[in-house]
Amino acid sequence: MTPFASVALIRRNGTIVFRPPRKERPDDTTQARKAAMRFWAGHLASGDVLVKVILVREFAGKLEISERAPNDPNWIGYDREIRGAEAEPHIAACLGELGIDASAAMPPLPDVLNINGFVYRREI
């Protein structure tokens, strides 16, 4: 199973659109990032401008998302809950490519639990 999916945000005729996502073969994050950037930079139609490449994977019940614009030297990485990710169509397309059902994901853990009068706080 391929743990990564990538999608490209492209400026076409002044509007931002995205191409259908693609699974990335490498199992390593660094290699998957390189492969995604090379693929999307080389597969543009005439008149298209690459705005951003986004790489998504599911790890430990969360989404790990990395994004990079072509002129940026570094990738920006962040974590996100799976629930609610379908609000962004390009991330929802990546979830579909990876076979992840956002509605079946576990709800996020609360920051404070009260069990039998004892209060448990999650360290953030």
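When I say two residues are in contact, I mean they have heavy atoms within 4.5 Å of each other. Keep that in mind for Cys-94: leaving aside its neighbours within four places in sequence, Cys-94 is in contact with Ala-5, Ser-6, Val-7, Pro-21 and Val-56. I'll come back to that cysteine. One caution before going on: this is a predicted model.

Okay, the overall picture. The protein chain has two helices and eight strands, and from the N terminus on they run β-β-β-α-β-β-β-α-β-β. Along its principal axes, the C-alpha trace spans about 65 × 30 × 30 Å. Of the 124 residues, 30% are buried. The chain exposes about 8,000 Å², and carbon and sulfur atoms supply 52% of that. If you take contacts between residues at least 6 apart in sequence, 41% of them join residues at least 24 apart. On charge, we've got 17 positive and 16 negative side chains, with the centres of the two sets 5 Å apart.

Now to helix H2, residues 89-98. Which residues of H2 are buried? They are His-90, Ile-91, Cys-94, Leu-95 and Leu-98. Those five cover an arc of only 145 degrees around the axis, so they sit on the same side of H2. Over on the other side, Pro-89 and Gly-96 are exposed. And what do the buried residues of H2 pack against? Strands, and quite a list: E1 (4-12), E2 (15-18), E4 (49-59), E5 (62-68) and E6 (76-81). Right after H2 comes Gly-99, with a positive phi near 80 degrees.

That brings us to the cores. In soluble globular proteins, nonpolar side chains tend to be buried together. Here the largest nonpolar core has 13 residues, and the ones with the most contacts inside it are Ile-54, Val-56, Leu-63, Ile-65, Ala-85, Ile-91 and Cys-94. So there's our cysteine again, in that group. E1, E4, E5 and H2 each supply at least two residues of this core, and H2 gives the most, with four. There's also a second, separate core of eleven residues, which includes Ile-10, Ala-32, Ala-36 and Leu-50.

Staying with E4 for a moment, have a look at Arg-57, which is found in that strand. Is Arg-57 buried or exposed? The cut-off for buried is under 20% relative accessible area, and Arg-57 has 16%, so this arginine counts as buried. Leaving aside its neighbours within four places in sequence, Arg-57 is in contact with Pro-3, Phe-4, Thr-29, Lys-62, Leu-63, Glu-64 and Leu-98. Two of those names you've heard already: Leu-63 from the largest core, and Leu-98 from the buried residues of H2.

Last stop, a bit of backbone. Most residues other than glycine have a negative phi. Two asparagines here go the other way. Asn-13 has a positive phi, near 55 degrees, and is found in the loop between E1 and E2. At 75% relative accessibility, Asn-13 counts as exposed. Then there's Asn-116, with a positive phi near 50 degrees. Where does Asn-116 lie? In the loop between strand E7 (112-115) and strand E8 (118-121). Asn-116 is exposed too, with a relative accessible area of 74%.

So, to wrap up: go and find H2 on the screen, with its buried residues packed against E1, E2, E4, E5 and E6, and remember that H2 gives the most to the largest core.

Technical notes
Residues are numbered from 1 along each chain as its sequence is written. This is a predicted model: local features need pLDDT of at least 70, side-chain atom pairs count only at pLDDT 80 or more; totals for chains, interfaces and linings use all residues. Side-chain values use heavy atoms; hydrogens and water are left out. Buried means under 20% relative accessible area, exposed over 50%, partly exposed in between (1.4 Å probe, protein chains only). The arc is that of the directions from the helix axis to the C-beta atoms. Accessible areas come from the Shrake-Rupley method with a 1.4 Å probe; for residues, only the protein chains shown count as cover. Lys and Arg count as positive and Asp and Glu as negative; His and the chain ends are not counted. The place of a charge is taken as NZ of Lys, CZ of Arg, CG of Asp or CD of Glu. A nonpolar core is a set of buried Ala, Val, Leu, Ile, Met, Phe, Trp, Tyr and Cys residues joined through side-chain atoms within 4.5 Å.
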